[in-house]
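Welcome, and thank you for stopping to look around. Please take a moment with the sequence and the model, and then let us walk through them together.

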Amino acid sequence: FKDYGFFVPKNILNKKVKVQGIMEKKKVSAASIRHFMKDSGASRDEINKVKKGKVKFQFTADAVQIM
């Protein structure tokens, strides 16, 4: 959510929702991926296997309606 402006309850599993916001396509470098893997405790062997970056999609909501 943009700037952590709001949160939704945890108990909405299997509920229908409508969301509004912006979907962005972002490139993540191999160096960033390796950094995140190191921070999450991945093994050195796993980290060293990462040679290319990736494309990810990020959705930033500015509204959520729980149905």
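**A walk along the chain**

Let us begin with Asn-14, which sits in the segment before E1. Elements such as E1 are DSSP runs numbered from the N terminus, helices being H or I runs of at least four residues and strands being E runs of at least two. This is a predicted model, in which local features need pLDDT of at least 70 and side-chain atom pairs count only at pLDDT 80 or more, while totals for chains, interfaces and linings use all residues. Residues are numbered from 1 along each chain as its sequence is written, and side-chain values use heavy atoms, with hydrogens and water left out.

Is Asn-14 buried or exposed? At 76% relative accessibility, Asn-14 counts as exposed. Here buried means under 20% relative accessible area, exposed means over 50%, and partly exposed lies in between (1.4 Å probe, protein chains only). Asn-14 also has a phi near 70°, a positive value in a residue other than glycine.

Now for the whole protein. Its secondary structure comes to two helices and two strands, and from the N terminus on these elements run β-α-α-β. Along its principal axes, the C-alpha trace spans about 45 × 25 × 20 Å. The radius of gyration is 16 Å, whereas a compact globule of 67 residues would have one near 11 Å. That radius is taken over C-alpha atoms, and the globule rule is 2.2 Å times the number of residues to the power 0.38.

How many of the residues are buried? Of the 67 residues, 10% count as buried. The accessible surface comes to about 6,200 Å², and 53% of it belongs to carbon and sulfur atoms. Accessible areas come from the Shrake-Rupley method with a 1.4 Å probe, and for residues only the protein chains shown count as cover. Among contacts (heavy atoms within 4.5 Å) with a separation of 6 or more, 78% are between residues 24 or more positions apart.

Strand E1 is a good next stop. Val-17 lies in this strand and is partly exposed, with a relative accessible area of 39%. Val-19 is in E1 too. Leaving aside neighbours within four places in sequence, Val-19 is in contact with Phe-59, Ala-63 and Val-64. Its C-alpha atom is 15 Å from that of Tyr-4, which is 15 residues away along the chain. Gly-21 also has its place in E1, and counts as partly exposed at 33% relative accessibility. With neighbours within four places set aside again, Gly-21 is in contact with Phe-59, Thr-60, Ala-61 and Asp-62.

Which residues make the nonpolar surface patch? Val-17, Val-19, Met-23, Val-55, Phe-57, Phe-59 and Ile-66 form this patch of about 650 Å². E1 and E2 are the elements that give two or more residues to the patch, and E2 supplies the largest share, four residues. Patches are made of residues with over 30% relative accessible area and no salt bridge, with like charges joined within 9 Å and nonpolar side chains (Val, Leu, Ile, Met, Phe, Trp, Tyr) joined within 5 Å. A salt bridge is a side-chain nitrogen of Lys or Arg within 4 Å of a carboxyl oxygen of Asp or Glu.

From the strands we move to helix H1, residues 30-39, whose buried residues are Ala-30, Ile-33 and Met-37. Seen down the axis of H1, these buried residues fall within an arc of 60°, so they line one face of the helix. The arc is that of the directions from the helix axis to the C-beta atoms. An α-helix has 3.6 residues a turn, so residues three or four places apart point the same way.

What covers the buried residues of H1? The cover includes strand E1 (17-28), helix H2 (44-48) and strand E2 (54-66). The face of H1 turned away from its buried side carries the exposed residues Phe-36, Lys-38 and Asp-39. His-35 is found in H1 as well, and it counts as partly exposed at 45% relative accessibility. Just after H1, Gly-41 takes a positive phi of about 90°.

Our last stop is helix H2, where Ile-47 is found. Ile-47 counts as buried, at 14% relative accessibility. Beyond its neighbours within four places in sequence, Ile-47 is in contact with Arg-34, Met-37, Lys-38 and Ala-42.
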